[in-house]
Amino acid sequence: MNPTPTLIDASLSINAGYATLRFERDDLRNALTGTNLINDLCNTIAWANANKAISTLIITGAGKAFSSGGNVKEMRDKQGMFGGSQAEISDSYRNGIQRISRAMHSAEIVTIAAVNGAAVGAGFDLCSMADLRIGCEHTRFGETFINLGIIPGDGGAWFLQRLVGYQRAAELSFSGRIIDSKEALEMGILLECVASEELMATAEAYAQDYATKPPLALRQTKRLMKLAQRQELSDFLDVCADVQSQCHHTKDHHRAVDAFVNKTTAQFEGN
């Protein structure tokens, strides 16, 4: 396994087959701007992509919030990525918060957001980028950019409507309202809503399950699900045929088939 990344405002714990990234800036409600959390998250995803022993990355926050998104005080004072000319701010978005969007979209591993508290603005968008979202009674979501006279500069409008459909995404984006975990579950934003004391155990149960699957097939399955969102069926089927032929030639495929036939448990090695 490659050396773990050096993190500044987050912590990383590694278990058998999965890892947990925890934002550690409760003093700023785990704001993604004005902290080192963008680098911490992007570096962790790059590390996980490069480690075939890691199947899943759980992302959560320490303290009361999952993430408050952009630092509003920096917006007010025109500091950090919110300062400078229009061209400079545009570059700051491309080289700053939008790195999260690209990193999450290119993540080869399964990503699970364990939403321990409020996730608003870019924090909500980060959750929308994850493959799965688990919430609790403290979970709150808000696509709140409109309330500050700005738009989802991290590309959130692209992710949110793919998650809940255009109409629901439009209503959330136009109103900027906050929704609770019950409504988020009804909308399909949350896969599950559990008691706060069960949040991490529930996320870890999913991660542990995925860690028992053939690693290459799991990553290829995620890759194909992403590809299906932008390809015509005939082109997609061609890719599926090629990827499937590769899978049939892996040792893990033979291990899985033997275990199925013999009613045993296979140990996979990612080859």
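Mentor: Patches are made of residues with over 30% relative accessible area and no salt bridge, and nonpolar side chains are joined within 5 Å. Keep in mind, as we read, that this is a predicted model.

Trainee: Which residues make the nonpolar surface patch here?

Mentor: Val257, Phe260 and Val261 make a nonpolar surface patch of about 330 Å². One of these residues, Phe260, lies in helix H12, which runs over residues 251–262.

Trainee: Does a label such as buried or exposed follow from a number, and which of the two is Phe260?

Mentor: A residue is called exposed when its relative accessible area is over 50%, and buried when it is under 20%. Phe260 has 68% relative accessibility and therefore counts as exposed.

Trainee: Where does Leu190 lie, and is Leu190 buried or exposed?

Mentor: Leu190 lies in the loop between helix H8 (181–187) and strand S10 (192–194). Because its relative accessibility is 3%, Leu190 counts as buried.

Trainee: Which residues does Leu190 touch, if we do not count those up to four places away in sequence?

Mentor: With those set aside, Leu190 touches Arg133, Ile134, Gly135, Thr139, Phe141, Ser181, Ala184 and Leu185. You can also compare positions along the chain with positions in space: Leu190 and Ser128 are 62 residues apart along the chain, and their C-alpha atoms are separated by 9.6 Å.

Trainee: Ser181 is on that list of contacts, so what can be said about the relative accessible area of Ser181?

Mentor: Ser181, which is placed in helix H8, has a relative accessible area of 8% and is therefore buried. Leaving aside neighbours within four places in sequence, Ser181 is in contact with Cys136, Glu137, Thr139, Arg140, Leu190 and Cys193.

Note on methods
Residues are numbered from 1 along each chain as its sequence is written. This is a predicted model: local features need pLDDT of at least 70, side-chain atom pairs count only at pLDDT 80 or more; totals for chains, interfaces and linings use all residues. Side-chain values use heavy atoms; hydrogens and water are left out. Patches are made of residues with over 30% relative accessible area and no salt bridge: like charges are joined within 9 Å, nonpolar side chains (Val, Leu, Ile, Met, Phe, Trp, Tyr) within 5 Å. Accessible areas come from the Shrake-Rupley method with a 1.4 Å probe; for residues, only the protein chains shown count as cover. A salt bridge is a side-chain nitrogen of Lys or Arg within 4 Å of a carboxyl oxygen of Asp or Glu. Helices (H or I, at least four residues) and strands (E, at least two) are DSSP runs, numbered from the N terminus. Buried means under 20% relative accessible area, exposed over 50%, partly exposed in between (1.4 Å probe, protein chains only). Contact means heavy atoms within 4.5 Å.
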